[in-house]
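Q: Could you take me through one part of this model up close, and then link it to a few other places worth a look?

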Amino acid sequence: MTDERLREEHLEDERLREEHLEDERLREEPTPRRPRRWRRVAVVFSILLLLFGVPWLTLVVGGAAWPTAVVVVGSIAFAAALAGLPILMLSGHGRRHDGAAALGDALLGAAWVLFVWSVLGQVLELVLLVAGVADPARSRIVTVTVLAVAVALLVWGYTEAMRVPRVKALDVTIPRLGRALDGLRVAVITDTHYGPINRTRWSAGVVERVNELAADIVCHVGDIADGTAEVRDQQAAPLASVRAASARVYVTGNHEYFSEAQGWLDYMERIGWDVLHNRHVTIERGGDRLVVAGVDDATAAGSGVRGHGQDLATALAGADPELPVLLLAHQPKQVADAAQSGVDLQLSGHTHGGQIWPFNFLVRIEQPVVHGLSRHGERTQLYTSRGTGFWGPPFRVFAPSEITLLTLRSAQS
């Protein structure tokens, strides 16, 4: 018996020693995250080189044969911008320094516009080459044209981004909508992105325009701000004055999950909005009813925020399946679940319509729709707003912001 006990103790010691050695080995092995981090850095650096390198080659070097002083000054300016952009972004958005963030965002937008039109400038250069225009005249014409177009678009784009959006109105027929609800007016704002640039007056102007619509339902479909409710309270405060005859409803977007999503839910509830955190409310008029439901953003489940995650089944729990459903879901791609569940109309934002052309083509890779009304499946329609505000770069180029007014129509009328 004693020998057997000694053998068991020996085996237990061996097992513990092996576990200790395994722990030591795991600690000594490089973490797998490190290579991924360096790959990300390499990808970002490559993108930045392309973003600034193409305009530098087009405008500064090329075949324009600018004086040496121009080449030197231009090269220094591009090098400073290349180095400055990540520094501004990290010190601004990373540490919530609004001045640095606003400057970094503006630089990013300007770099994108210059890059796009420098690429398109090569088409002009080819045309001039075919026409027999020789360098340096040819390259100088391209340089001046690219700069003129870029500056004009940035000035116009800034004006478009900072103005109070125009109202985009359209009728949407919902076959299951009761006759008494025909003509129900739904105002939609989304992607307000209160952020580094103080837009308190803009926010008040948006609310004033929404109130002029005398809507039955007012929806905010997420991405309310870049920053916490405490930090962005001054800009968000006018939302408390929004008027709606039947309901004011709100769902989270992906940016809430960068900035204390639960804090924004609490804030909107505190100022009197119905927070549709995977839940619904019912609107009734003249005996006919409409279910207005909302789900968390598609990124919520992976955000680490406890109790958050897109859950349409929970949002519709207890609702009469015979009633028409109006669903708020921040991202258009969430329409896949909506179509499977027989939702009648989904309202989304997120895309900004691309915000700065031609970014809309990149958005389309991830989302089924960039903007406008579309149909999905037998019953479901989706309206995707271009957004009310802007994210990051304070420019909107060929993608105007909007306040949307949807008038719901019944096929029974």
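**A close look at the S6–S7 hairpin**

A: In this predicted model, Thr282 has Val291 of strand S7 as its bridge partner. That pair belongs to an antiparallel pairing of strand S6 (residues 279-285) with strand S7 (residues 288-294), which runs over 7 bridges. The hairpin has 2 residues between the strands, and Gly286 takes a positive phi near 60 degrees there. As general background for viewing it, side chains in a regular strand alternate between the two faces of the sheet.

From the hairpin, let's turn to a loop. Thr228 sits between strand S3 (217-220) and helix H7 (233-236). Its relative accessible area is 17%, under the 20% cut-off, so Thr228 counts as buried. Leaving aside residues up to four places away in sequence, Thr228 touches Ser259, Glu260 and Trp264.

Now for the helices. Helix H5 covers residues 137-162, and its 26 residues should span 38 Å at 1.5 Å a residue; the end C-alpha atoms are 38 Å apart, so the two values agree. The buried residues in H5 include Val142, Val146, Ala150, Leu153 and Gly157. An α-helix has 3.6 residues a turn, so residues three or four places apart point the same way.

Helix H2 (residues 33-61) holds Val61, which is partly exposed because its relative accessible area of 32% lies between 20% and 50%. Together with Trp56 and Leu57, Val61 forms a nonpolar patch on the surface, with about 240 Å² of accessible area together.

How values were computed
Residues are numbered from 1 along each chain as its sequence is written. This is a predicted model: local features need pLDDT of at least 70, side-chain atom pairs count only at pLDDT 80 or more; totals for chains, interfaces and linings use all residues. Side-chain values use heavy atoms; hydrogens and water are left out. Helices (H or I, at least four residues) and strands (E, at least two) are DSSP runs, numbered from the N terminus. The expected span of a helix is 1.5 Å times one less than its number of residues. Buried means under 20% relative accessible area, exposed over 50%, partly exposed in between (1.4 Å probe, protein chains only). Contact means heavy atoms within 4.5 Å. Patches are made of residues with over 30% relative accessible area and no salt bridge: like charges are joined within 9 Å, nonpolar side chains (Val, Leu, Ile, Met, Phe, Trp, Tyr) within 5 Å. Accessible areas come from the Shrake-Rupley method with a 1.4 Å probe; for residues, only the protein chains shown count as cover. A salt bridge is a side-chain nitrogen of Lys or Arg within 4 Å of a carboxyl oxygen of Asp or Glu. Two strands pair if DSSP finds at least two bridges between them.
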